[in-house]
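These are my notebook entries on one structure. I begin with a ligand and then turn to the metal sites, selected residues and the chain as a whole.

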Amino acid sequence: MMGRGARPGTVVSAVSAPAPAPPGVNADPLRSGGAEQAPTAAGIVVIDDQSPEASLLADFLRGAGYRRVATLSGCAFTVQALEEARPDLVLLDLGMTRADAFEVLRCMQADRVLRHVPVIVLAAQDELASRLHAFEVGAADFLVKPLDAGEFARRLRNALAAKAYRGQVTHTDPLTGLPNRESLLLLLDEALERALQCGTVGAVMQFGLDRFDQLGDALGPAVSDELLQAVSQRLLAGLRDSGVAGQASASSATAVLTRGSGDEFTVLLPVLEGADGAAVVAGRMIERMAAPFAVGGYEVFVSCRVGTAVFPRDSADKDMLLKQAGLARHCAGNVGRMSSRGFKFYTDELNAQSLQRLGVERELHHALERDEFRVYYQAKVDVASECLCGAEALVRWQHPWRGLLDPGEFIAVAEDAGLIVRLGEWVLREAMRQTAAWQRSGLSIPQVAVNVSSQQLQRAELYDEVREALGAAGLGGSALCLELTESAIIDSGAQVTGTLEAIKRLGVQLSLDDFGTGYSSLTYLRRFPIDEIKIDRSFVSDCDSNADSSAIAAAIISMAHALGLRVVTEGVETAEQLEVMRDSRADALQGYLFARPLSADDFGALLAMALPKTPGGAATPLPRAGG
Ligand code: C2E
Ligand code: CA
Ligand code: CA
């Protein structure tokens, strides 16, 4: 490919190895994550149809230290053939007789990958028209033969440096300096290819923080960015701890940490001894997150989840693998400061579950419009008199073909899909409508309790919804009690306290549900205008056989009384449990011993039996189950 007519060998004289790359220049920024690397690792493809000249030029390049040099005859050029050679730079002879160099340039420009590869055009003559045309169709540089070895070497180096810089910019996440998602996709392609060829195993691990959006809202964008930088440093340290090394190594077999958008980090483990290796790596990374982060003057605790997909076992398709790892992450429990459940492998079962969840979610969207929800009512019973003192409204889904579904089958999905707010509002209005209807027919139930999810509580609109539900039914606030969970109020800000105080001013009572399952701090609760606590069923279920449980229940009850709170115990199923609760001085109870949740009609019948027959008359104690 030397100048036509010129004697090969005289054209590129004074061959010298290219000077080392300037600092920051990196021929393969993906793998090294920005670390310096000799440009001689760059892949160069010579396209020419004069093969003796092409091989001479190739020899020159090898002599200059470039280790990956290939030649491609112009007439054998296809986009695929060139892509397979993975060039970092192309030397293209303009004077080919059996192929059109400009056409090669046009094809490269039209290709998603090849358009980023710089092309140096080599011409026999310096014609302005050809030069302009070459630049027009995408050439990076234009050299006239015979070539001066010194100039050639430097032009080559500059073109590679420019490409490396562009690569670094397009493949690096500016916030953390980690390879970005585009890099991940390229590396994953490579890793998959190798796994299939060599029979090795690798893994993709997706890592995310719990409730990062909420955290971000609270901290503001600058501090969230600082937090993400600190998280990336800890994750890198975790990778190093686990012995798979950080991303600063140039070997394509080492682990790479990359960042997608927001709090999404992905680790590629290209080669693993076995799938279990991924669990070790995840464990180390999770460990590193346990200590609080000091950012923007705050001390921030974060919990995280990691989901892993193993290739080629789970899939040999990169998009599918990323989806699988994401799904596993979503299904992993969160890692609180005290537990380590936040890691999960993808499995087909997980996929089946998620498909089922998706199906439920789709159906839930229609269920409200199709009026498929029902409200059931469970009696609240006064412990001393065993008479009915109220009810809890519990939602059910009358599914078109699966029958009557308990909340356990759909509440969590409704929460994930953000449907719980509409559903909760519907339950509230329906429970109030029914309460008023009973009242009109002479069945004045003292109070009905409605469950409020954490998402409902975070919205200031809750106050208006409560007021409107009461107003529409023509009821006073004392007819309603709202059941809130500890976790919902514990993380809430001043705005939630304000909403609760406003709701209380309507005369509505507030109850703390599932007490004993969370922080269970009674002193903390004094911040909130609570009237009642409900001791969780798990406490009650073993209190007749376990002395500790009954002692704890008694202590909770006496402390709650000291704070002026009423105590309801849930899940009382046996006469023994009732006696323990009576001895512990619980005020009221709910449980199968007296009544299961009943449809509005059945509960109406129970009310007719239990409520006083005349105003001021005596109520009838509820019969015990089986008695
Ligand atoms: P929860 O608020 O703790 O409701 C009490 C649950 O305990 C009810 O289950 C009730 O049927 C059950 N239960 C009552 N007594 C006994 C007993 O003696 N033994 C046993 N084994 N269980 C008893 P359910 O109706 O399946 O509701 C489950 C959960 O679903 C509720 O727990 C509540 O967290 C949620 N939920 C129900 N309705 C709504 C709603 O309208 N909105 C929201 N956000 N959540 C709701
Ligand atoms: Ca409840
Ligand atoms: Ca409960």
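**Entry 1. Ligand 1**

I looked up the polar contacts of ligand 1 and found one of its oxygen atoms 3.3 Å from an N or O atom in the side chain of Glu 570. I took a polar contact to be a pair of N or O atoms within 3.5 Å; within protein, one must be able to donate a hydrogen and the other to accept it, and residues adjacent in sequence count only if both atoms are side-chain atoms. An oxygen atom of ligand 1 also lies 2.8 Å from a polar backbone atom of Tyr 592. A nitrogen atom of ligand 1 is 3.1 Å from a polar backbone atom of Val 395. Taken alone, ligand 1 exposes 800 Å², of which the protein buries 82%. I note that accessible areas come from the Shrake-Rupley method with a 1.4 Å probe, and that for residues only the protein chains shown count as cover.

I must record that this is a predicted model, in which local features need pLDDT of at least 70 and side-chain atom pairs count only at pLDDT 80 or more, while totals for chains, interfaces and linings use all residues. Residues are numbered from 1 along each chain as its sequence is written, chains are lettered from A and ligands numbered from 1 in the order in which they are written, and side-chain values use heavy atoms, with hydrogens and water left out.

**Entry 2. The shell around ligand 1**

How many residues surround ligand 1? I found 20, the closest being Gln 378, Arg 396, Arg 537, Glu 573 and Tyr 592; a residue is near a molecule if one of its heavy atoms lies within 4 Å of it. The shell divides into 8 nonpolar, 5 polar and 7 charged residues. Here Ala, Val, Leu, Ile, Met, Phe, Trp, Tyr, Cys and Pro count as nonpolar, Asp, Glu, Lys and Arg as charged, and the others, Gly among them, as polar. Strand 14 gives the largest share of the shell, 4 residues. I use helices (H or I, at least four residues) and strands (E, at least two) as DSSP runs, numbered from the N terminus.

**Entry 3. The calcium ion, ligand 3**

I next examined the calcium ion (ligand 3), which is coordinated by Asp 513 (OD), Asp 514 (OD) and Glu 570 (OE), with Glu 570 (OE) entered twice, at 2.2 to 2.5 Å. Donors are N, O and S atoms within 2.8 Å of the metal (3.2 Å for Na, K and Ca); water is not among the atoms, so sites may look incomplete. The donor residues are spaced D-D-x55-E in sequence. Distant parts of the chain are thereby linked: Asp 514 is in strand 18 and Glu 570 in the loop between strand 20 (566-569) and helix 22 (575-583), 56 residues apart. Glu 570 is buried at 12% relative accessibility, whereas Asp 514 is partly exposed at 27%. Buried means under 20% relative accessible area, exposed over 50%, and partly exposed in between (1.4 Å probe, protein chains only).

**Entry 4. The calcium ion, ligand 2**

Which residues coordinate the calcium ion (ligand 2)? I recorded Glu 392 (OE), Asn 451 (OD1), Glu 483 (OE) and Asp 513 (OD), at 2.1 to 2.3 Å. Their spacing along the chain is E-x58-N-x31-E-x29-D. Asn 451 in strand 16 (residues 448-451) and Asp 513 in strand 18 (residues 509-515) are 62 residues apart. Asp 513 bridges this ion and the calcium ion (ligand 3), the two lying 4.1 Å apart. Asp 513 is buried, with a relative accessible area of 7%, while Asn 451 is partly exposed, at 28%.

**Entry 5. Ser 511 and Leu 470**

I located Ser 511 in strand 18. Ser 511 is buried, with a relative accessible area of 0%, and a polar contact of 2.7 Å joins its side chain to that of Glu 532. Residues up to four places away in sequence aside, Ser 511 touches Glu 483 and Lys 534, among others; contact means heavy atoms within 4.5 Å.

Leu 470 belongs to helix 16 (residues 462-473) and is buried at 4% relative accessibility. Its contacts beyond four places in sequence include Met 432, Leu 480 and Val 508. The C-alpha atoms of Leu 470 and Leu 480 are separated by 8.3 Å, with the residues 10 apart along the chain.

**Entry 6. The whole chain**

I closed with the totals. The protein chain has 23 helices and 21 strands, and buried residues make up 49% of its 627 residues. Of the contacts with a separation of 6 or more, 69% are between residues 24 or more positions apart. The chain exposes about 28300 Å², 51% of it supplied by carbon and sulfur atoms.
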